[in-house]
Amino acid sequence: MSKLRARLLGVLVLLTGFVTAAGVQPAAAAPLPASLWFDASAAAALTVEDGRFTDGLGREVVLRGYNVSGETKLDENGGLPFASVADARKSATALRALGGGNSVRFLLSWARAEPVRGQVDTAYLAAATAQLGAFLDAGIRVYPDFHQDLYSRHLFNTGSWYTGDGAPKWAVDAGDYPQESCGICLFWGQNITQNEAVKQASHDFWHNAHGLQDAFLATAQATMTYIRQHLTTEQFAGVAGFDPYNEPHAGSYDSGQTSRTWERDVLWPFHVQFRARMDAAGWQAKPAFVEPNLFWNANIDFQKQEGGLLDVGTLGSRYVFNTHFYDQKAISGVFMWGKAADGQYVTDFGKVRDRASATGTTAVVSEFGHPLTGSVSDKAPTVLKAMYQALDSRLAGSTWWSNPAASGPVLSGSQWQWDIYNGRHHELMNGNPDKLRTTGDAWNDEDLSAVRLDDSGTAVLRQDARLLDRVYPGATAGTAVAFTYEDRSRDGSTTLTWNPVPSTLPSVSQLVGSGQYSLLVWRSDGTSTPTELHLPASFPTSSTTVVSDLGTTAAPPSYTRTTPIAVAPEPGGTGSRRLLLTAAPGTAAPHYALVTNGATAPSTALLAAARTELASWAAAKFA
């Protein structure tokens, strides 16, 4: 898709995309607070072009954020992420201002959307849409997900050790499933391959037994239609796409079937049907975020199953390669004794980049994370740092400066998870009053939420802000060629530095000091539209220094159309900020921008020396 076509699509979506048999969408809303001249056009569309997300101005987009939230799995709020729209707004503001996110994967429940077969619960859809809208109003893009784990909570009884979520009770009642039992299972995920009830129910879904898949697809279409009809034009433009089915797995394979042929012959046709339902619901311009077999990229050999949508051909612009990654070795407490290190996951995430490239689309890692309490929680600071490092670049820090051209595309990702009710739940597990769950995420003993509410009801982070609130290129006017971010996040009292500035760049090293820094190299699209970097709260304007071929500045000024390096609020009124880099129209050479909070009133001479070093480095590495 050409850049002109992407821009025309944004305009076309705004003008003609929303008339339905039920009438026109709600009236257009005013621009988001703190919007600049280009923001409305940029937000008018999100498409896939040349293997990357692009906005309505044709800029390359990176989606970063969280899953909202595991609360949807629970009964306490009726399968909704929040108890109220007010809580959704509080969560959205905190996610933007504290967590640095520009997007969320928004969980929905099939069981709640269709509690009675063939009857969609519009009250549930209304509540979910209103909560989803709170994130859109904060300038956060959203991609909904019909979530499931272990197929359904209704497979489990009041005495069960585990629970599930997803399918409604009537879907379970339609099958004659054995009493659930996982045997000797140390982790809830073992139920996927060891619990006969879960295996048989999953197998039935994928084979459309009892018309289960037909019912799900009909409900999905009704849900998408409802969402489109009940959001404003501007809100719906912020919906990035839809994730059809969380963590698909066959349950059990038919005779002669393999994980690879199951993907080709069963899973992929389902994704194609879901894509058709998206089109029928008026989501033609939005991609389906399709997941391969859950175990295609498992990092424990005996769990791994061949897959990754190897035989589906070119996905193109109507699909996104969507996958998860958890370090099961680290979570096991057995297969990885130590902590994660520099470059720990660059190979794993490199495979995600490669699969997306091979299928002609872009990628998103829609779940990644690590337990924050329990016997392996001491690994969390290093595991999460290594995962974010691998999202930013396919290189370890130790090799980034010497070979930045191999950095690869910056990956989009959604951390699991963002649950403001963490540690304050009131969930009766499987409806059992003797199994009241209040701690952690209140679901199968998980505790991965990056946020919680303190005693005053204020959202606070549970992880190091340096790790979560990151510099990243949210929108690049052109193509990001290389990117790195040294967050200096902490493991206890130890500051982790995996990508120090090399001694061959002494002035740059002096400028950065012990501070955080990012470095983006990009090729401009030749327009006057700015490139945007998210500025974390740890980068107050007064302490932010930028060294670029566009100029050098300490304490960048507020944005104007004639200011090449400037700061501005991010749209949405949450208090979050962005750095805007505007290259002169028509320039073709690679641009670079180092952003750091390590300098205190740097001298003009130091800035000039650092710029000279970076210019020589860029010329040598990107000639």
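The buried residues of helix α13 are covered by surroundings that include β8 (319-325), β9 (363-368) and α14 (380-392). The model described here is predicted, and the points below take up α13, then α14, which is one of the elements that cover the buried residues of α13, and finally the residue S91.

**Helix α13**
- Helix α13 comprises the 13 residues 346-358, and because 1.5 Å a residue leads to an expected span of 18 Å, the separation of 18 Å between its end C-alpha atoms agrees with that expectation.
- The residues of α13 that are buried are V346, D348, F349, G350, V352, R353, R355 and A356.
- After α13 comes G360, a residue whose phi is positive, near 75°.

**Helix α14**
- In α14, 12 of the 13 residues are buried, so this helix is largely enclosed by the rest of the structure.
- Among the buried residues of α14 are T382, K385, Y388, Q389 and D392, together with A380, V383, L384 and M387.
- The end C-alpha atoms of α14 lie 18 Å apart, which agrees with the 18 Å that its 13 residues should span at 1.5 Å a residue.

**Residue S91**
- S91 belongs to helix α3 (residues 85-97), and its relative accessible area is 0%, which means that S91 is buried, since the cut-off for that class is under 20%.
- When residues up to four places away in sequence are not counted, S91 touches F82, F135, W418 and I420.
- S91 and A459 are separated by 368 residues in sequence, whereas their C-alpha atoms are 7.2 Å apart in space.

Terms used:
Residues numbered from 1 in each chain as written. Predicted model: local features only at pLDDT ≥ 70, side-chain atom pairs only at ≥ 80, totals over all residues. Heavy atoms only, no water. Helix = DSSP H or I, 4+ residues; strand = E, 2+ residues; numbered from the N terminus. Expected span 1.5 Å × (residues − 1). Buried < 20%, exposed > 50% of the residue type's maximum accessible area, 1.4 Å probe, protein only. Contact = heavy atoms within 4.5 Å.
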